[in-house]
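Please read the points below alongside the sequence and the model. They take the DNA surface, then the chain interface, then the salt bridges.

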Number of protein chains: 2
Amino acid sequence: MNIGEAADATGVTAKMIRHYEQIGLIREAGRTGAGYRTYGPKDLSTLSFIRRSRDLGFSIAQIRDLLTLWQDRARASGDVKRIAGAHIDEMKQKMRLLQEMVHTLEHLSAHCHGDDRPDCPILEQLATGKAEDGCC
Amino acid sequence: MNIGEAADATGVTAKMIRHYEQIGLIREAGRTGAGYRTYGPKDLSTLSFIRRSRDLGFSIAQIRDLLTLWQDRARASGDVKRIAGAHIDEMKQKMRLLQEMVHTLEHLSAHCHGDDRPDCPILEQLATGKAEDGCC
DNA sequence: CGTGCACCTTCCCATCATGTCAAGGTCAAG
DNA sequence: CTTGACCTTGACATGATGGGAAGGTGCACG
């Protein structure tokens with residue numbers, strides 16, 4: 001199986017497959033006489049695993065750990081759960097930051113009349129760091 | 001005022017100030033005879049403006065537009081509001097994605113006993129793409 | 001058999017915002 | 001004059017991905 005077919009089958013671009021090989025996330029693919037990379041069912045499983053992990057937002061480092069655990073028959077599920085938990089916490093933290101920014105900005109935006117006049121509390125806040133007078 | 005003092009005063013690192021100058025986000029700073037950059041009150045205002053914008057998650061491109069509007073006395077507040085609105089939408093979209101991933105992962109995690117046994121629905125899902133049997 | 005097209009290879013560069021490090025010049029205080 | 005803190009430029013790194021160039025390969029069709 002060619003790299004292009006493997007890419008189509010797993011949803012990981014050929015570009016990224018080569019990249020993952022280069023950083024040692026996946027083992028080096030076999031080669032044809034002409035130097036083309038070849039992939040078997042096992043490789044496809046691994047790539048799909050990586051793809052699903054990326055879809056869940058795991059970093060390459062985390063995926064590296066998950067792959068190791070996956071291939072370790074004597075693994076403890078607690079280890080997997082710990083990685084997932086850490087990732088969940090990271091994502092929740094990001095959401096909190098986003099939420100805060102959205103909140104602030106929506107607040108400012110609500111007080112901006114948004115017409116042709118130049119007066120604008122959003123710019124006001126960015127410029128001075130102070131909220132509008134008499135607000136809230 | 002030196003770049004270090006400007007950095008301390010605005011919370012933008014000296015490194016980033018030079019960077020912003022290089023990409024044309026801020027005008028080139030004046031120089032002393034020895035080549036040191038010098039900053040005045042106006043520059044500090046701009047840097048603070050940038051800093052607050054970054055704190056609200058605006059991209060450099062958006063900040064570029066905001067700065068232009070800020071310096072345009074004939075601006076329409078609607079333009080500012082539009083940029084802010086677009087940014088809010090982007091952030092909300094990111095939050096939605098994160099929320100989805102957190103949800104999926106928490107679900108999987110809840111069904112992982114997380115002890116020394118190797119059986120793990122998280123890895124299962126990553127490997128097969130299929131949810132556990134009889135779940136939900 | 002030749003031609004064309006789709007695919008493969010490697011290598012380099014770009015993103016975005018920021019950090020780190022290195023080698024060297026400058027300033028001010030002791 | 002030395003010392004230490006600061007400044008300068010420049011190069012390189014991050015993380016995950018995309019883009020493109022230059023050249024080799026495989027296959028189907030005429």
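1. The residues of the surface near DNA strand D comprise 7 nonpolar, 6 polar and 6 charged. Here Ala, Val, Leu, Ile, Met, Phe, Trp, Tyr, Cys and Pro count as nonpolar, Asp, Glu, Lys and Arg as charged, and the others, Gly among them, as polar. A residue is near the strand if one of its heavy atoms lies within 4 Å of it.

2. This is a predicted model: local features need pLDDT of at least 70, side-chain atom pairs count only at pLDDT 80 or more, and totals for chains, interfaces and linings use all residues. Residues are numbered from 1 along each chain as its sequence is written, chains are lettered from A and ligands numbered from 1 in the order in which they are written, and side-chain values use heavy atoms, with hydrogens and water left out.

3. Which residues come nearest to DNA strand D? Of the 19 around the strand, they are Lys15(A), Tyr20(A), Ile60(A), Gly4(B) and Arg18(B). Of the strand's atoms that come within 4 Å of the protein, 66% belong to sugar and phosphate.

4. Two side chains of chain A approach the bases. An N or O atom in the side chain of Lys15(A) is 2.3 Å from a base oxygen of DNA strand D, and one in the side chain of Tyr36(A) is 2.7 Å from a base nitrogen. Tyr20(A) instead places a polar side-chain atom 2.7 Å from a phosphate oxygen. Elements giving two or more residues to this surface are α2 (14-22) of chain A, and α1 (3-10) and α2 (14-22) of chain B. The largest share, 4 residues, comes from α2(A). Helices (H or I, at least four residues) and strands (E, at least two) are DSSP runs, numbered from the N terminus.

5. Chain B and chain A each put 50 residues into their contact, where contact means heavy atoms within 4.5 Å. About 4,300 Å² is buried between them, 73% of it on carbon and sulfur atoms; buried area is the accessible area (1.4 Å probe) that two parts lose on being put together, summed over both.

6. The rule finds 2 salt bridges across this interface, a salt bridge being a side-chain nitrogen of Lys or Arg within 4 Å of a carboxyl oxygen of Asp or Glu. One joins Lys92(B) to Glu106(A) (2.7 Å, N to O). On the chain B side, α5(B) gives the most, with 20 residues. By class, that side has 24 nonpolar, 14 polar and 12 charged residues.

7. Over all chains, the search finds 14 salt bridges. One of them pairs Arg27(A) with Asp43(A) (3.1 Å, N to O). Arg27(A) lies in the loop between α2 and β1 (30-31) of chain A and Asp43(A) in helix α3 (residues 41-55), so the pair ties together parts 16 residues apart in sequence. Arg27(A) is exposed at 55% relative accessible area, whereas Asp43(A) is buried at 15%. Buried means under 20%, exposed over 50%, partly exposed in between (1.4 Å probe, protein chains only).

8. In chain B, the side chain of Glu21(B) meets Arg31(B) (4.0 Å, N to O) and Arg37(B) (3.0 Å, N to O) in salt bridges. Arg37(B) is in strand β2 (residues 37-38) and Glu21(B) in helix α2 of chain B, so their pair links parts 16 residues apart in sequence. Both Arg37(B) and Glu21(B) are buried, while Arg31(B) is partly exposed at 48%.

Methods: A polar contact is a pair of N or O atoms within 3.5 Å; within protein, one must be able to donate a hydrogen and the other to accept it, and residues adjacent in sequence count only if both atoms are side-chain atoms.
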